[in-house]
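Please look over the sequence and the model below. The paragraphs after it start inside the fold and work outward.

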Amino acid sequence: MHEAGFSGYYADPQGDIKYGSIDDEEIEQIYSEEKECEKRTFTLEIGSLYFEMIRNPKKVPEYELMAACLVKLGVVSPSFSGEDYLESLENHRKYESSLDDDRQEPAYAIPYVVDEERGKEAFWQCSSEPQKILYSESNSK
């Protein structure tokens, strides 16, 4: 992207793209250049793999990772397991179409032992950064 003339373009450590200061007219050109760059460099695939390695360095199955993270944050019962997590999501999927649009997201599937807003916040935190909760020094004490 720098070669294409977009010197303010970069990805932060979480993978979010930053454009720097750009004109509105440049946005279409940026999107076009991004697509071409992704084709040549496999950026999406490599980026996805990289961030998954950071997010789940011990290669724990996703359902176990999420359950352990939610337990660690204290928003579900201490006995909440990976199997419970899968079952909760499956039950939610069965009834998803009958729910209001805003309640169809998977964060609503979990049987929280705290208020729903705190539970949902923990769910999304576990979805994006479980390694910080499960493996950081400050959380292991």
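This is a predicted model. Its largest nonpolar core has 19 residues, and those that touch the most other members are Leu70, Val76, Phe80, Tyr85, Ile110, Tyr112 and Phe123. Four helices each give at least two residues to this core: helix 3 (62-72), helix 4 (82-95), helix 5 (116-128) and helix 6 (130-134). Helix 3 supplies the largest share, with 5 residues. Apart from this core there is another one, made of 5 residues, including Met1, Phe6, Tyr9 and Cys37. Such groupings fit a general pattern: in soluble globular proteins, nonpolar side chains tend to be buried together.

Two residues give a closer view of the packing. Take Tyr85, one of the core members named above. Leaving out residues up to four places away in sequence, Tyr85 touches Tyr63, Met66, Ala67, Leu70, Phe80, Ile110 and Phe123.

The second residue is Cys126, which lies in helix 5. Is Cys126 buried or exposed? Its relative accessibility is 0%, and buried means under 20%, so Cys126 counts as buried. When neighbours within four places in sequence are set aside, the contacts of Cys126 are Arg55, Met66, Cys69, Leu70, Leu73 and Ile133. Met66 and Leu70 are thus among the residues in contact with Cys126, and both are also touched by Tyr85. Ser77 stands 49 residues from Cys126 along the chain, and the C-alpha atoms of the two are separated by 16 Å.

Now step back to the whole chain. Its secondary structure consists of 6 helices and 2 strands. In sequence order the pattern is β-β-α-α-α-α-α-α, with the strands ahead of the helices. Among contacts between residues at least 6 apart in sequence, 46% join residues at least 24 apart.

What is the radius of gyration of the chain, and what would a compact globule of 141 residues have? The chain has 19 Å, whereas such a globule would have a radius near 14 Å. Along the principal axes, the C-alpha trace spans about 55 × 40 × 25 Å.

The remaining values concern burial, surface and charge. Of the 141 residues, 27% count as buried. The chain exposes about 9,600 Å², of which carbon and sulfur atoms supply 51%. It carries 15 positive and 31 negative charges, and the mean positions of these two sets are 7 Å apart.

Notes
Residues are numbered from 1 along each chain as its sequence is written. This is a predicted model: local features need pLDDT of at least 70, side-chain atom pairs count only at pLDDT 80 or more; totals for chains, interfaces and linings use all residues. Side-chain values use heavy atoms; hydrogens and water are left out. The radius of gyration is taken over C-alpha atoms; the globule rule is 2.2 Å times the number of residues to the power 0.38. Buried means under 20% relative accessible area, exposed over 50%, partly exposed in between (1.4 Å probe, protein chains only). Contact means heavy atoms within 4.5 Å. Accessible areas come from the Shrake-Rupley method with a 1.4 Å probe; for residues, only the protein chains shown count as cover. Lys and Arg count as positive and Asp and Glu as negative; His and the chain ends are not counted. The place of a charge is taken as NZ of Lys, CZ of Arg, CG of Asp or CD of Glu. A nonpolar core is a set of buried Ala, Val, Leu, Ile, Met, Phe, Trp, Tyr and Cys residues joined through side-chain atoms within 4.5 Å.
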